[in-house]
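Here's a walk through one protein model, starting with how its helices pack and ending at the ligand. Have the structure open as you read.

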Amino acid sequence: MFHNRARVVNQRDLLELPLQVQLVDKTSSDCNQTGTQLLAIYSSLQESFGDLHWWPADTDEEMVIGSILVQNVAWKNVVQAIELLRDQGRLSFRGIFETSQEELEKSIRSTRFYRTKAKKLKAFATYLNDRHDGSLKNLLSIPMHPLRIELLNIYGIGRETADDILLYAAHQPSFVIDTYTVRIFERLGYSPPRNEYEFWRSWFMKHLPAEPRLFNQYHALLDRLGHHLCTTHNPRCSICPLQSLCTFAISPKNGSVSSSPHALF
Ligand code: SF4
């Protein structure tokens, strides 16, 4: 789960974001009703939260390392580990490859499950070294579908992490699903035939334009909403930008998801 990764947004950032307008123009001609609803949700979030500039990393290697470290821990813990790795000259897969498991564990101790995560980082570094001459750029140059399969075959890379890497390092239009996304859209009244990662991902990708910048910002906005407003307990619906669109918020029970959700497929 991701927390507090947004950089400071100023008014100039908002004024320089023509993407939203481009997408609305596109929906009027060739997207379906669900796509229009998804873009309306996006627009409401965008208007409230602005451009969040994900992923907060200076290099693709830092992004991938962060995507492994953030598994099951708050982002603030990851920042500590990233800074320590940077200070130690280990914030690269070459650096990780040349660092012992024991030393790596010490560097990332702030991220919980640090022994397992050190193994995952070493596995990724070894994979790059053995299969791509140590070059992340080589790996990321593979087309999206085969790259996703390849990433999922690396130890420690699950679906969410693979899609993070595809979207935020390879800049491919692969929609990222996480706990926040599922909770928010279930409360909005959407329900897939099977509540599984691939169903949710396919649904978003079927109904949204395959635009990496849109997917980038959409996931960041959902993270912001899920972390600050649409929380597991006592969601703050009264100040949520999606309140007027949300089945949960307008339910008489106000605590249960509607019995007649939108069909996903
Ligand atoms: S209105 Fe409430 S339940 Fe609906 S998305 Fe917003 S915070 Fe979540």
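Let's start with α13, whose buried residues pack against α3 (33-49), α10, α11, α12 (179-188) and β1 (190-191). Keep in mind that this is a predicted model.

Which residues of α13 are buried? They are Tyr197, Trp200, Arg201, Trp203, Phe204 and His207. These residues cover an arc of only 160° around the axis, which puts them on the same side of α13.

Helix α10 (residues 144-152) can be read in a similar way, with Leu147, Arg148, Glu150 and Leu151 as its buried residues. Looking down the axis of α10, you'd find them within an arc of 165°, so they line one face of the helix. As for partners, the buried residues of α10 pack against α8 (114-131), α9 (136-140), α11 (159-168) and α13 (197-207).

**The overall picture**

Stepping back, the protein chain has 15 helices and 2 strands. It runs to 265 residues, of which 51% count as buried. If you take the contacts between residues at least 6 apart in sequence, 66% of them join residues at least 24 apart.

**Pairs across the chain**

A few residues show how separate parts of the sequence come together. Here are their C-alpha separations.

| Pair | Separation along the chain | C-alpha to C-alpha distance |
|---|---|---|
| Ala74 and Thr111 | 37 residues | 8.0 Å |
| Glu105 and Lys117 | 12 residues | 8.0 Å |
| Gln71 and Phe113 | 42 residues | 9.0 Å |
| Ile154 and Lys120 | 34 residues | 8.5 Å |

Two of these residues belong to one loop: Ala74 lies between α4 (60-69) and α5 (75-87), and Gln71 is in the loop between α4 and α5 as well. Are they buried or exposed? Ala74 is partly exposed, with a relative accessible area of 21%, whereas Gln71, at 13%, counts as buried. The cut-off for buried is under 20%, so the 21% of Ala74 misses it. Setting aside neighbours within four places in sequence, Gln71 is in contact with Lys117, Lys120, Gly156 and Thr161.

Glu105 is part of helix α7 (residues 101-107). Is this charged residue buried or exposed? At 14% relative accessibility, Glu105 counts as buried. Beyond the residues within four places in sequence, Glu105 contacts Tyr114, Arg115 and Ala118.

Then there's Ile154, in the loop between α10 and α11. Ile154 is buried too, with a relative accessible area of 4%. Not counting residues up to four places away in sequence, Ile154 touches Phe124 and Tyr127.

**Backbone oddities**

Now for the backbone. Most residues other than glycine have a negative phi, and most peptide bonds are trans. The loop between α3 and α4 is a good place to look for exceptions, since His53 sits there and Trp55 is found there too. His53 has a positive phi of about 55° although it is not a glycine. A little further on, the peptide bond from Trp54 to Trp55 is cis, with omega near -5°. At 30% relative accessibility, His53 counts as partly exposed.

Where else does a residue other than glycine have a positive phi? Arg112 does, with phi near 60°. Arg112 is in the loop between α7 and α8, and its 46% relative accessibility makes it partly exposed.

**Around the ligand**

Finally, where does the ligand sit? You'll find it in the largest cavity. The residues around the ligand are Arg187, Leu229, Cys230, Pro235, Cys237, Cys240, Gln243, Cys246, Phe248 and Ala249. Sorted by class, this shell has 8 nonpolar, 1 polar and 1 charged residues. Cysteine counts as nonpolar in that sorting, so Cys230, Cys237, Cys240 and Cys246 fall on the nonpolar side of the shell. Arg187 is the charged residue of the shell and Gln243 the polar one.

Methods
Residues are numbered from 1 along each chain as its sequence is written. This is a predicted model: local features need pLDDT of at least 70, side-chain atom pairs count only at pLDDT 80 or more; totals for chains, interfaces and linings use all residues. Side-chain values use heavy atoms; hydrogens and water are left out. A residue is near a molecule or strand if one of its heavy atoms lies within 4 Å of it. On a 1 Å grid over the protein atoms alone, a cavity is a set of points where a 1.4 Å probe fits but cannot get out, and a pocket is an open set with protein on both sides within 12 Å along at least five of seven lines; lining residues have an atom within 4 Å of a point. A molecule sits in a cavity or pocket if more than half of its atoms lie within 2 Å of its grid points. Buried means under 20% relative accessible area, exposed over 50%, partly exposed in between (1.4 Å probe, protein chains only). Helices (H or I, at least four residues) and strands (E, at least two) are DSSP runs, numbered from the N terminus. The arc is that of the directions from the helix axis to the C-beta atoms. Contact means heavy atoms within 4.5 Å.
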